[in-house]
Amino acid sequence: MGTIKKDNRLTSSQSFSCVGFAGLFSKSATSPLEVVKIKSQVGTFHCKKGFGQTFLLIYHNEGLKGFWKGNLVSCLRLFPYTAVHLTTYRKIVHLHMDELGFISQARAIIAGGLAGVAAALATYPLEVAETRLIVQNRRVPSYVGVVHTLAKIHSAEGLRALYRGFSLTVLGAFPFSVGCYVVYTNVDKVWQEPPFRLSPLQNFINGCLAAGLAQTLSYPFETVKRKMQIVPYFGLLFACFELCKQVCLYRNGYIVSPLSYTPAPGVDQSLRPAELQEVKRYLRNRSFGEAGQPSMGNRW
């Protein structure tokens, strides 16, 4: 059996913000790899002389901005993708949890796969638009912006063109979920430390390991669908998410510093953020009342 533990010390908006910021940072940081990888996969002239030469050719032909083509579309896609993925995953998991919050590994994997398919279905046209924007030459563009790209593909090639290759996403979603689940449920055994004590570097390595195994299992599908860059992306994503989470937990009063998970002394970690704030207000008011009692007694 496996267990899905939601950290109730974060509000829903904080959890979503952590995922969103981590995704934006990871996408932007690895955008040059994404551009080079897609150029290589679609077989443009850039890739004829190897991976290193591809960087130089893109720089000479399109300038430094050429490495961030399509990054805006990719970042915009993150928010609806994350919202649909998290919502679908939680709904499916909660349907199959027992009264103690446990769920079998098989059902957790299926939930992850179905959530990935649902999120991809909702945002796949943006992924197609991203690919078209990256493949074109920035200085002689065929597409200008997200809306123009989607409209032009739809008018010239039809609605089906916006979902070309989606079947490979469906086929690759489940082996990818298996790989991520296997690593993330065993990280404490790898480091011989509980997850909340892991450093940012360890979190980065965990993300790379999870994505590496997931990539290996889904490699035939992911290669065709242009996902070779996912290992460093997930490493940055997981490490950045954990750092954002620490900042939120510090602001909520659960830990002593935004740089570590050391619990704040005397704080009940099982309380939700609103409950903890209510307890703090009660203690402050009680302390104020006790401090005022002697003066009130003197007056009367």
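This passage describes the overall make-up of a predicted model, then its helix packing, its aromatic pairs and two individual residues.

The chain contains twelve helices and two strands, and when it is read along the sequence these elements follow the pattern β-α-α-α-α-β-α-α-α-α-α-α-α-α. Of the 300 residues in the chain, 42% count as buried. Among the contacts in the chain that have a sequence separation of 6 or more, 68% are accounted for by residues 24 or more positions apart.

Two packed helices are described by the angle between their axes and by the distance between those axes. Helix H4, which spans residues 71-96, and helix H5 have axes that come within 8 Å and cross at roughly 165°. An angle over 145 degrees counts as roughly antiparallel, and H4 and H5 are therefore roughly antiparallel to each other. Their crossing is right-handed, and the residues of the contact of H4 with H5 divide into 18 nonpolar, seven polar and four charged.

Helix H5, residues 105-135, also packs against helix H6, residues 145-157, at an angle of about 100° and with the two axes 10 Å apart. Because angles of 65 to 115 degrees count as roughly perpendicular, H5 and H6 are placed in that class. On the side of H5, the contact is made by Pro125, Leu126, Val128, Ala129, Arg132 and Leu133, while H6 contributes Gly145, Val146, Thr149, Leu150, Ile153 and Glu157. Sorted by class, this contact of H5 with H6 has eight nonpolar, two polar and two charged residues.

Helix H5 also takes part in aromatic pairing through Tyr124. A search of the whole structure finds four aromatic pairs. In one of them, the rings of Tyr124 and Phe166 have their centres 5.4 Å apart and their planes at 80°, so the pair is edge-to-face. Tyr124 lies in helix H5, whereas Phe166 lies in helix H7, residues 166-184, so the pair ties together parts that are 42 residues apart in sequence. Both Tyr124 and Phe166 are buried, and for Phe166 this assignment rests on a relative accessibility of 14%, given that buried means under 20%.

Phe166 is also paired with Tyr163: the centres of these two rings are 6.2 Å apart and their planes stand at 85°, so this pair, too, is edge-to-face. Tyr163 has a relative accessible area of 29% and is therefore partly exposed. Taken together, Tyr124, Tyr163 and Phe166 form one aromatic cluster.

Two further residues, Gly23 and Asn71, illustrate how positions within helices relate to other parts of the sequence. Gly23 lies in helix H1, which covers residues 12-29, and at 1% relative accessibility Gly23 counts as buried. Although Gly23 and Leu237 are 214 residues apart in sequence, they are 5.8 Å apart in space when the distance is taken from C-alpha to C-alpha. Asn71 is found in helix H4, the helix that crosses H5 at roughly 165°, and at 12% relative accessibility Asn71 likewise counts as buried. When its neighbours within four places in sequence are left aside, Asn71 is in contact with Lys27, Ser28 and Ser31.

Methods. Residues are numbered from 1 along each chain as its sequence is written. This is a predicted model: local features need pLDDT of at least 70, side-chain atom pairs count only at pLDDT 80 or more; totals for chains, interfaces and linings use all residues. Side-chain values use heavy atoms; hydrogens and water are left out. Axes are lines fitted to C-alpha atoms, for helices over the stretch in contact, and angles run from 0 to 180 degrees between N-to-C directions. Helices (H or I, at least four residues) and strands (E, at least two) are DSSP runs, numbered from the N terminus. Angles under 35 degrees count as roughly parallel, over 145 as roughly antiparallel, 65 to 115 as roughly perpendicular and the rest as oblique. Contact means heavy atoms within 4.5 Å. Ala, Val, Leu, Ile, Met, Phe, Trp, Tyr, Cys and Pro count as nonpolar, Asp, Glu, Lys and Arg as charged, and the others, Gly among them, as polar. A crossing is left-handed if the near helix is turned anticlockwise from the far one by less than a right angle, and right-handed if clockwise. Rings of Phe, Tyr and Trp (its six-membered ring) pair if their centres lie within 6.5 Å; planes under 30 degrees apart count as stacked, over 60 as edge-to-face and the rest as tilted. Buried means under 20% relative accessible area, exposed over 50%, partly exposed in between (1.4 Å probe, protein chains only).
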